[in-house]
Every structure is written in C-alpha cells, then in structure tokens.
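Please go through the model below from its interior to its surface. The paragraphs that follow take the same route.

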Amino acid sequence: MATSQQPEPTPAAVTAASLPNFLLSVKLKYVKLGYHYLISHGMYLLLTPIIVAVSIHISTLTTRDMVYLWDQLRFNLVTVVLCSALLVFLATLYFMSRPRKVYLVDFSAYKPEDARMVTREIFMDRSTRAGTFTDENLAFQKKILERSGLGQKTYFPEAVLQVPPNPCMAEARKEAEMVMYGAIDDLLAKTGLKAKDIGILIVNCSLFCPTPSLSSMIVNHYKLRGNIMSYNLGGMGCSAGLIAIDLAKQLLQVNPNSYALVVSMENITLNWYFGNNRSMLVSNCLFRMGGAAVLLSNRSSDRRRSKYQLIHTVRTHKGADDRCYNCVFQEEDENKKIGVSLSKDLMAVAGEALKTNITTLGPLVLPMSEQLLFFATLVARKVFQMKIKPYIPDFKLAFEHFCIHAGGRAVLDELEKNLDLSDSHMEPSRMTLNRFGNTSSSSLWYELAYSEAKGRIRKGDRAWQIAFGSGFKCNSAVWKALRTINPAKEKNPWTDEIDDFPVHVPKIEKISS
C-alpha cells in the first residue's frame, strides 16, 4: 500500500475544478498517431478510386467492344491466365486482410429493485448512523452530495443500507450476482441466444476481484461450454468497459463465427469508505450500484438483427507519468481503513488524457474539411511557429450522439464547454448521473439506453462513447447504428419512466435534515 497522503479537497475544489482547455495545446505526435491509424487502411483508400474508375470505363463499353475484347482474349491464353491469377490474388488478399466486422447485437443495463433505492436523505442518514464519520466530514459529504447532480432514485446494495452496515465477502458476492445475472438474464431474453453459444466472456470490475473470479461465477451459473475464452479485468477504473469492448474486438478478429459477452460493473459493498480522509470520502457520495451486459458478434448473418457496428476503438494510457498514475489511488488512510483517494490533480490529468485521446481519434472520424483546417493550423503553429489562433475541430460533425462517462458533474460541465456541446448532446450523461449516479464503467450503457428510449437513434447515426479512469486512462468507442431503434419495442431501465426526463438539475439541491 502506498503511504503518501493526498491533500484533502474542499467541496468547492471538487465541484468547481476545471479541466484545462486541452484543445488549445495539441501535441503533434498524437495527431501523427491518428493519421497512422488512417494510413493503415490505405490499401482500401487506394483501391476504391481505381475500382470506381474501372467500373465507369467498363460501363461505357458497347456490345461490339465486348465482342472484340473476347476475340482478343480467346487467342491469347497467357494473358487470360495472368489476368485471372491476378484477380484471384487481389480478391484473396482483400478478404484475408480486411478486419472482421464486429456487431453489437444488443445490450442490457441492470435496474435494481426499488428496495435498493437511496435518496440523498437516506444517504446522509446511513452515513450518520454508521458512527464512524466526524461531524465536519458529515457536513463535507452533505455539501458534495448537494452539488453532485445525483437525484433521489439511485441505488445502494443491501449491505450498505443495513443498520449497522454489513460489508463482508458474502454480501459482496450477493451484490455481484444480483447485478451480473440480472443484466445477463435480460440480455439472453432479448436476443434469444443460448448460453452455450457464447465463445468469449469478458468481465470487468475494478475493486472486487474474488476467487474464483467473477467470470468463473458466470461460467458456473450459466454452465457455459468448456472451451470458452474467459477474461476477468480488475483494477482498471471507470474506463474498463471500453477496454473490455476493445479486447472483445481483438478476439473476434481471430475467432470466426463467435459471440462475445462483455459484462461491466462495480461493487459497492466492500468499497464503502468508513474513514475521515476527505480525498476518499468523495467516492462515497458519487458511486452507486449498477452494471451492464453487452453481446458482440462477428457473424455476418447477425448484421440484420444487430443494433450497431463497432467502427473504432482508441485507447490512451498516461500511466508512465507519476502524477497521472497516482491521481486515483486505492490505499489505507492513517487509521488503516482502505479507500480510493482522489488527487487535486485529477481534473488536470483527465484533461491531458482526453486531449490525447481525441487528438488521436480526430483523423479517424472528422470530415476531411475539418481535418484539413485542423492539420493546417497545427502545422503552422508547431512547425512554422506562426502566432495564429488554434483551430478547434467540431466533433458534432462526426457524431450525432455523445455518451460521456457520468463520473461527476464538474467533468461533464467542462467537457460540454471544451467540446462546445449543446444541452441535448449532454442530456444522456446528465440524466444518467441524476437517475443512477456514477455506476463506473457501465454508465455508458445507461446513457445509450437513454437515447434509445427517447427514440433518437436513427439508422446511420454515429455514437461516441468516451470514458476515463484510474491509471490514468481515457478510452473511446465509435458505433454506427445499423437500424432505427423503435423505443416502443425496447425494454431498458428507462422504459417505464422516460417521459419524466429530462429533469432540471439545480446547481445546489439542499438536503432536508
């Protein structure tokens, strides 16, 4: 365990700290990385205009031209054989080198039962009755909660709601089983898939890593096949859900005709902090119970029934920098109570990671006009040292939907400002934070479910999921809708109450005593 003590943040620092304007200071190497990804698909970019040109030329041939060409080839066997061999070679090269398409068949975000619901008043009541927090730190938690953007219907596990609390391994397993099996059962019912058809299983949960693993619990519960490729990702923070998606994508490239099940969750039971270190108390106020299950497929036959196609994943890791590595750190406080401390550098570190990620992603998704303007001004400033205003790309031209990890109100505010997003773009993230709280890596799926429930997903729409977490990491996934989602035919956590949203979320919501 690390012994260094992080400075204690004040409520104002936690809620009002701002991200650096990361779009104003772009490093050329990350732009080059993005263009490297683009050029890696250069063969398709070069072949496409050639094929188009040849097709146009062929379309102009008359019947007489075709007869003449046939007569020429009929008496030139060598030319025919060489041309045929070249066509076979090019076709084989194309089909062997192209990446397999990855489809999102469906997903399910877990909605706990009403008995697990916790209002802001219940939160303060349980914190007070726990008997471990000083009056000053109870007041601190109250101020954080009042400014958090969380509503009155978030969820806690039973062990935390009990008086006194009962954090133990049995209760933690109970919470994990409730969330994982609840999400998976709903997903299997939606898709009609048999559990034994799943060939790849990936589970991510940062702070609860029991033995046997969470993935083994799922294999045992659903009696999955013996040759399943199972993975359990731990300690990777709130961005681990997209790491799991990226891992599934890589595995689906080398395992044809396969289904991959990705389960993202966090466990609250054993990670409720009972000490008085303020840098560790913030997590208590923001994190809530939740999880999601996602079914991916590389079968071409699944395209018609799938919702989305995975277009890009971009991963950024800043762990080589000590400041980034230490900004979210699980350790013991001075009284040997374990918690997750949040450094005062968190917002600045998040900004740097986000800057790197979107700079790499830009060349892959932005229209050519935006890329040329951005690249031209960047070269002018970095190479020719010209004192001109940097061009900020408009990501709204690349995406119709934004699913930004609902980590906290301050981060959402700053991202909205830096990316010049509208209230409607931020609505899924803000409403997810209000209704479900910070559910860690699964929050992105509650946000996408919100857009589906609102009937906003149209065929061809592009959705950008972006999340960040300990390490420090920032990861992105880009999805393309394969069909228009009819909310009347969907069942998700928002279905029964979507007409109640959006709601106005005041800057400060006072908690009644």
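The largest nonpolar core of this predicted model has 74 residues. Those that touch the most other members are Met180, Ile218, Leu296, Tyr308, Trp445, Trp479 and Trp494. Helix 9, spanning residues 169-191, supplies the largest share of this core, with nine residues. A second core, separate from that one, has 58 residues, among them Val160, Leu161, Ala406 and Leu433.

Tyr308 shows how one core member is surrounded. Neighbours within four places in sequence aside, Tyr308 is in contact with Val102, Tyr103, Leu104 and Phe107. Its contacts also include Leu448, Glu452 and Ile457, as well as Trp479, Lys480, Ala481, Leu482 and Ile485. Trp479 thus appears both in this list and in the list of core members that touch the most others.

The chain as a whole gives the setting for these cores. The protein chain has 513 residues, of which 51% count as buried, and its secondary structure consists of 18 helices and 13 strands. Among contacts with a separation of 6 or more, 82% are between residues 24 or more positions apart.

Charged side chains also occur in the interior. Arg120 lies in helix 6, which covers residues 120-130. Is Arg120 buried or exposed? Arg120 counts as buried because its relative accessible area is 8%, and the cut-off for buried is under 20%. Apart from neighbours within four places in sequence, Arg120 is in contact with Leu145, Leu150, Gly151 and Gln152, and also with Glu509 and Ile511.

The cysteines come next. How many disulfides does the structure hold? The number is zero. For Cys324, the nearest cysteine sulfur belongs to Cys327 and is 6.4 Å away, whereas a disulfide needs the two sulfur atoms within 2.5 Å. Cys324 is buried, because its relative accessibility is 3%. Cys474 is likewise buried, at 0% relative accessibility.

At the surface, the protein chain exposes about 23700 Å², and carbon and sulfur atoms supply 58% of that area. One nonpolar surface patch, of about 370 Å², is made by Leu86, Phe89, Leu90 and Leu93. Leu86 is found in helix 5, which runs over residues 77-97. With a relative accessibility of 48%, Leu86 counts as partly exposed, because exposed means over 50% and buried under 20%. A patch member needs over 30% relative accessible area, and the 48% of Leu86 is over that cut-off.

Methods. Residues are numbered from 1 along each chain as its sequence is written. This is a predicted model: local features need pLDDT of at least 70, side-chain atom pairs count only at pLDDT 80 or more; totals for chains, interfaces and linings use all residues. Side-chain values use heavy atoms; hydrogens and water are left out. Helices (H or I, at least four residues) and strands (E, at least two) are DSSP runs, numbered from the N terminus. Buried means under 20% relative accessible area, exposed over 50%, partly exposed in between (1.4 Å probe, protein chains only). Contact means heavy atoms within 4.5 Å. A nonpolar core is a set of buried Ala, Val, Leu, Ile, Met, Phe, Trp, Tyr and Cys residues joined through side-chain atoms within 4.5 Å. Patches are made of residues with over 30% relative accessible area and no salt bridge: like charges are joined within 9 Å, nonpolar side chains (Val, Leu, Ile, Met, Phe, Trp, Tyr) within 5 Å. Accessible areas come from the Shrake-Rupley method with a 1.4 Å probe; for residues, only the protein chains shown count as cover. A salt bridge is a side-chain nitrogen of Lys or Arg within 4 Å of a carboxyl oxygen of Asp or Glu.
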